Amino acid sequence: MRHALNGLLILTMLGVLLIIQTNSRSSILVKEAVFVGGSAVLLLAGAVILGVRGVIACRRISFAMVLAFVLLLAWLVFRHFGGVQSVNGTKYLYGFLALGGLAFVIAGFVDSGSRNLIIWVLLTAAAVISVYSILQSLGLNIFSWDASITHSSRSSGTMGNANLLGSFSMVMIPVGTGFLLGRHRLSKFRIPAAGVFALLCLFAVVSSKTRGSLLGIAVLAVSVPLIPALRRDRKRLAAILLLLLVLLGLSVVVLWNRVEELTQMERGTLQVRNLIWSGSLRMWLGNPVLGYGPGSFQIVFPGYRNPDYFLLGVSHNTLHAHCEYLEILGDSGLVGLLLWGFLAVSVMTAVRKGRRGNAEDGGGEGKLIDAEGWMFLGIAGGILALLAEALVSVALRWPPSAFMMALLTGLLLACIPFRPCRPSAAVRYGVSAAMAGAAVFLFVTAMPKYCASMRAGKELFRGKDIFLTSIQQDVDNAVSAAMEWNSRDRTEAADMAINYYSRARQLADSSLKWCRMCVETDPDELGGWYALGSAYVSSSRLYQQISPPLTVICRQRGIEVEDEELALEYINASLAAYDSLRRRAPDYAEIHNNLALVWLNLGNADSALAHMRRAWDLHAHSRAAYADKIRILNCITRSPDGVYLKWLCNIYSLERVLEGGVSETVYGNISGPAVFDFGTTLYGFPGLEDSLAAELKGLLVSSGRTELARMTEIVDLQLARLEEGAELAGMYLRDDTAAVMDVLRGMDREVMRHLPVHSALYGIILAERGDPAGIDLTLGTFRYIFHNGIDDLLYFPVDAVTMMEVMNEAIAATGIDTQDERLLLYRHLSSLLELDRRIFEVVVFMESSMTLEEAYRGVRDRYGYIWEEIGGPMYSYMEYNRLDTVPPLMAPEGILHRNWTDLSGIVAADTMDADRLLMEMEWLFIFYSASFAGVPHYSSMQSAAVVNMLADDRDRLTVILGENETQYRVGLMFGMLEEARLLNVQGEFRGYIESLRGDLTLGRITRPDLP
């Protein structure tokens, strides 16, 4: 029976070391399942041996050791059910029971011959794994999964993770070296064999690029001189020290790039570790005695980590503390750490007592270390290396390393001479019953759970990694192709858009299928619920409007894009999936990002912003993208959460500017719009002004920067003059401008600069009276209003349409004779075009969700009125496209068209004036380039019309000036526009503008075909 037990132990060991589940989100869970199942079988076999034969190695197992294990297990169970119940907690308990059982069986039933056989098999497996990992590091793909490993440049062998390979190989250096040095049958080949094996394992460590393993090797080197038996044998001490130092030195040399990073405290892994460790320490201090429960770190830690964790390189889903001792404190408190210490001390005490006075101890005066002594030292060294690495590593939380700790503990106890004893019948049958009970418990409760989790891991891999992650790319490709069709009218682009869009729907269906299977298989798979919710959201988006051009293409091809009932069904299902995840992991920040999208699709922008605020407070990793979302959402609803987020984004941007060390002037130019926005926003929340201002001042002070803290005085000023500004706006509407100016003229100009309504009224009245300073002031005020979005446009006491019309009339009245007046014209044009585009973004966003558009119809209509009054190219494109007619450049009755009419009238007054003709070209070029400020949105017909108008002006200019002078003057024109920062096209579309600019300068302009 003992041979059968040995065979089961070897099979379990080989299964843990060699088996890996490919194409799975939990690829190494199979290793844990193997040692849990293997331990159950071994416990059952041990129970049979003890019950039938009645013998066990009593000297290897002390009462204190058993008591410590039982107490620790009981404490972990108590904290699991009495603390934070994590979905990981049950597996932690199963693993602890199984590994304890494994060590108990090895200590109780493995004799010296079986022990040596096990170690020989272990060394052989380590050699195979080392060779395999070295081949991976050389870029050789032996199996299909090697491709991703060799691409990452960090080998993982059969461990499933590079860090786990490094940990295993590090452990095997002392274990294998000590064992081989004690093999006297190898004679003079012992030392070369031990050296070759150590180098082989070292190469595996190097191929894994695991720095934590170097700490284990370093601790071994420091510990070797402390061993009494080695100190008496100086030659061997020197040889072993030399070997360890060579191994450590080689590792450092080869891994120098990664080791060098450890010298940089402010970035890299030390910064990350410091952030996690400091948060873990605060977490433990929150419940220092009891801890939170096994496996609770993932759930509890988010409440204690540094707010800037993601910016500093830490994952939003931090699974472990990367320090085993800190995690033990967090899981089971000071009581748990003491019980772990009690267990460790009891094992060491049993080993010391069991080996005392034996020849194999090597401890007598003048005696050299024999075979048993070398093996003992090697196994002890392996355990010491694991414990040292655990200071900075997460390895002991994963199957291979945790299994190795239990295996080596059992083998260490097996170094005590095997002297079976026959306990009393009560003890024998009691222990047998306990072992059999533990085995049955693991079989009945643990193994079904592991089987389900492994199957769910493969289903999640298919649902998320294969299908879900590909949906957005296909949607983006479909939108890009549709935009290309829209701007260039290419049939092949339309075909590509349809193909990408159709494939995205197929991917979404497949993703839903596999993600549903995952959570049905294992309801505790957190990643499955998150992926399922995301799959439902993606599916819902595919049955709503994604982009107007794509919608047009689909309808032309007979594909129904919008299905309100199906989209709503998917959205409600996603809400249920995320709620399931929130019950299991309430502080998982990314849930709230996705819930914001869900609530938008349900037509509730306020709830969406509330979840975005919660995600921000939990420091979700999408914070950098929040500004764009907030800019749109705040236009739709009046939510204090949205204002809070907008101000946070403003303050965050100002902090980054200050970190750059800019001058006071530059900072003033950048901070001006933000300060202006503070006062503007307060007008949109009657009744909440005081609370909003108080929250804003708190944010400014909490930044810790003097420059921002000083802004609280401006907020107080804005709050104090808020009512006065509203009264002045009412007086202006009643045409009592004289009374308004009496008040404004008596104000300090520096004070007025911070008061949005006062500044706007002062500029408008001056502009109406023909003062260029008023035009300049109003243009600046108008741009400040929508600098951070157009969310305040509808609620600003001074009507936006009025300001735009005043600008048109005032600029035209100047005659636009000077360069300064032309710049005013162009700034006004840029504002009109930018506002046209921003309202377009809001309208399209609202129309992308049928429920959102319906819920906020009034807001949509109010923006629609301003949009129609502007009558810009985007408005024309959208409105005329709905009528299925060719869109003009501008709506005939719009403000922008009147701006163009005023300009063209001035040009027509003297058709031979080259300066006026150049002014018209400048206006048209700014108009054209505005389309490329982001993704191009003008239709191909609109773009072609502008290019033809520019070509006409270029031809007329050549007639007046001649070709050489025309090239010179056009070149100067573009230089002036560039210097005035009126051409703001960057990125991939800048090439289009540069190409047109060059063609106009050199007279190579090609006229597009027009119907």
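Is Tyr 938 buried or exposed? Select Tyr 938 to find out: with a relative accessibility of 3%, Tyr 938 counts as buried. Keep in mind as you click along that this is a predicted model.

**Stop 1: around Tyr 938**

Tyr 938 sits in the loop between α42 and α43 (940-961). Now add Ser 487 to your selection. The two residues are 451 places apart along the chain, yet their C-alpha atoms are separated by 6.8 Å. Show the neighbours next. Leaving aside residues up to four places away in sequence, Tyr 938 touches Asn 486, Ser 487, Leu 833, Pro 873, Met 874, Phe 927, Tyr 928, Ala 930, Ser 931 and Ser 943.

**Stop 2: α42 against α45**

One of those neighbours, Tyr 928, also takes part in a helix contact, so color helix α42 (residues 914-929) and helix α45 (residues 990-1002). The axes of α42 and α45 lie 11 Å apart and make an angle of about 160°, which makes the two helices roughly antiparallel. Their crossing is right-handed.

Show side chains to see the contact. From α42 come Met 921, Phe 925, Tyr 928 and Ser 929, and from α45 come Ile 993, Leu 996, Arg 997 and Leu 1000. Sorted by class, the residues of this contact are six nonpolar, one polar and one charged.

**Stop 3: α19 against α21**

For another helix pair, select α19 (491-521) and helix α21 (residues 548-556). How do these two cross? Their axes come within 10 Å and cross at roughly 90°, which makes α19 roughly perpendicular to α21.

On the α19 side, pick out Ala 494, Ala 497, Ile 498 and Tyr 501; in α21 they meet Leu 550, Ile 553 and Cys 554. This contact has seven nonpolar residues, with no polar and no charged ones.

**Stop 4: a bridge from α22**

Time for some charged pairs. How many salt bridges does a search of the whole structure find? The search finds 39. Begin with Arg 584 and Asp 524, which form a salt bridge with their closest N and O atoms 3.7 Å apart. Arg 584 belongs to helix α22 (residues 564-584) and Asp 524 to the loop between α19 and α20 (526-542), so this pair ties together parts 60 residues apart in sequence. Arg 584 is partly exposed, at a relative accessible area of 21%, and Asp 524 is also partly exposed, at 30%.

**Stop 5: a buried bridge and its network**

Move on to Lys 646 and Asp 791, another salt bridge, where the closest N and O atoms are 2.8 Å apart. Helix α26 (residues 640-659) holds Lys 646, while Asp 791 is in the loop between α35 (772-785) and α36 (800-813), so the pair ties together parts 145 residues apart in sequence. Lys 646 counts as buried at 5% relative accessibility, and Asp 791 is buried too, with a relative accessible area of 2%.

Which residues share a network of salt bridges with this pair? Add Arg 638, Asp 677 and Asp 792 to the selection: together with Lys 646 and Asp 791 they are linked in a network of salt bridges.

**Stop 6: Arg 838**

Next, select Arg 838 in helix α37 (residues 819-847). Arg 838 counts as buried, at 14% relative accessibility. Not counting residues up to four places away in sequence, Arg 838 touches Arg 631 as well as Phe 786, His 787, Asn 788, Gly 789 and Ile 790.

**Stop 7: α36 to α41**

Select Glu 805 and Arg 898, whose side chains meet in a salt bridge (3.5 Å, N to O). Glu 805 lies in helix α36 and Arg 898 in helix α41 (residues 895-908), so parts 93 residues apart in sequence are tied together. Glu 805 is partly exposed, with a relative accessible area of 29%; Arg 898 is partly exposed as well, at 33%.

**Stop 8: two backbone details**

Finish with the backbone. Go to His 322, in the loop between α14 (297-300) and α15 (324-355). Phi of His 322 is near 60°, a positive value in a residue other than glycine.

Then jump to Asp 735, in the loop between α31 (722-733) and α32 (737-745). Asp 735 has a positive phi of about 65°, although it is not a glycine. Turn on the surface here: at 66% relative accessibility, Asp 735 counts as exposed, whereas Tyr 938, where the tour began, counts as buried.

Technical notes
Residues numbered from 1 in each chain as written. Predicted model: local features only at pLDDT ≥ 70, side-chain atom pairs only at ≥ 80, totals over all residues. Heavy atoms only, no water. Salt bridge = Lys/Arg side-chain N within 4 Å of Asp/Glu carboxyl O. Helix = DSSP H or I, 4+ residues; strand = E, 2+ residues; numbered from the N terminus. Buried < 20%, exposed > 50% of the residue type's maximum accessible area, 1.4 Å probe, protein only. Axes fitted to C-alpha atoms, helices over the stretch in contact; angles between N-to-C directions. Parallel < 35°, antiparallel > 145°, perpendicular 65-115°, else oblique. Left-handed = near helix turned anticlockwise from the far one by under 90°. Contact = heavy atoms within 4.5 Å. Nonpolar A, V, L, I, M, F, W, Y, C, P; charged D, E, K, R; others polar.
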